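Reader: I have not looked at this one before. Can you take me through it?
Author: Yes. Here it is.

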Amino acid sequence: MKKHLLLLLSVFIFSPSLIHAQVDYDSEIQPIFSAKCISCHIGSGTNGVILSSYSAVMESVGEQYGTEVVVPGDAENSPLVDKISSDNPEYGVRMPQTGNYLSSNEIDLIVTWINEGANEVPTSNELIANLPDGFELKGNYPNPFNPTTNILFEVPESASYTVSVYALHGALVTELAGKTSAGSVSVSVNFGDEPSGIYFYKVTASANNNRYLIGTGRMTLVK
């Protein structure tokens, strides 16, 4: 299987220092599939490949390759990577067929996600998805919004937090970080300079040397 893979060190800024965090499927990978792949790979899918949800992706068996399209921990031998990154894949032609190929950054993100284990939520010790009582994402209000919305969440103790917002295709649009005492937190996001569309956000918090994924959400900017 021929491969032309680029390496990526996925780094997010959650505080003044740089801390590694694993790729989150819902906010970083699915938006790429939804923007560039889902028109052909939904429902029964094309060649057995369905990219409309995490479970569908992980259960997809490529008819041409005869194996699961994602091999957790092994991007090099994952047919999905072969099809989106190689100009001469083992079977057929490079995807998407329209020629609107994924960018190098998008490919790198998918490669990193697979090599990290192709998990639905990050499993790094630095990012814990199983929240203790008191951490809760309330959502954002208003939604739809123009041009400002407030992302609301709860923390049970003093914590540092980061709100990361992504465009539909997976690119990071903005990150807002701060510190708060226990209680309700409201983070204002102003998208006066951004185009109308669907955006995804991820809220993380750090407390007592632990990093928590409070939750992810979807919001719509309408101008």
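**Helix α1 and beyond**

Author: This is a predicted model. In α1, the buried residues are Tyr25, Ser27, Glu28, Ile29, Gln30, Pro31, Ile32 and Phe33.

Reader: What span should the twelve residues of α1 have, and how far apart are its end C-alpha atoms?
Author: The expected span is 16 Å, because each residue counts for 1.5 Å. The end C-alpha atoms of α1 are 16 Å apart, which agrees.

Reader: Next, the largest nonpolar core. How many residues has it, and which have the most contacts inside it?
Author: The largest nonpolar core has 24 residues. Those with the most contacts inside it are Ile29, Phe33, Val70, Ile110 and Trp113.

Reader: Which elements give two or more residues to this core?
Author: They are α1, α2 (54-59), α3 and α4 (104-115). With six residues, α4 gives the most to this core.

Reader: What does Trp113 contact, leaving aside neighbours within four places in sequence?
Author: Trp113 is in contact with Val23, Tyr25, Ile29, Tyr54, Val57, Met58, Val70, Ala118 and Asn119.

Reader: And what is in the second core?
Author: The second core is separate and has 23 residues, including Phe135, Phe145, Phe153 and Tyr212.

Reader: Why do such cores form at all?
Author: As a general tendency, nonpolar side chains in soluble globular proteins are buried together.

Reader: New topic, pockets. What volume has the largest pocket?
Author: Its volume is about 490 Å³. The lining has 29 residues, and the closest to the pocket centre are His41, Thr46, Lys83, Met95 and Pro96.

Reader: Which helix supplies the largest share of that lining?
Author: That is α3, with four residues. Both α1 (25-36) and α3 (79-85) supply at least two residues each.

Reader: How does the lining split by class?
Author: There are 15 nonpolar, eleven polar and three charged residues in the lining of the largest pocket.

Reader: One last residue. Where does Thr148 lie?
Author: Thr148 lies in strand β6, which covers residues 148-155.

Reader: Why is Thr148 called partly exposed?
Author: Because its relative accessible area is 28%, and partly exposed runs between the cut-offs of 20% and 50%.

Reader: What does Thr148 touch, not counting residues up to four places away in sequence?
Author: Thr148 touches Pro142, Ser188, Val189 and Asn190.

Reader: How far is Thr148 from Gly192, by C-alpha atoms?
Author: Their C-alpha atoms are separated by 7.5 Å, and the two residues are 44 residues apart along the chain.

How values were computed: Residues numbered from 1 in each chain as written. Predicted model: local features only at pLDDT ≥ 70, side-chain atom pairs only at ≥ 80, totals over all residues. Heavy atoms only, no water. 1 Å grid on protein atoms, 1.4 Å probe; cavity = no way out; pocket = protein on both sides within 12 Å on 5 of 7 lines; lining within 4 Å. Points joined across faces, edges and corners; volume = space filled by probe spheres on them. Nonpolar A, V, L, I, M, F, W, Y, C, P; charged D, E, K, R; others polar. Core = buried A, V, L, I, M, F, W, Y, C linked by side-chain atoms within 4.5 Å. Buried < 20%, exposed > 50% of the residue type's maximum accessible area, 1.4 Å probe, protein only. Contact = heavy atoms within 4.5 Å. Expected span 1.5 Å × (residues − 1).
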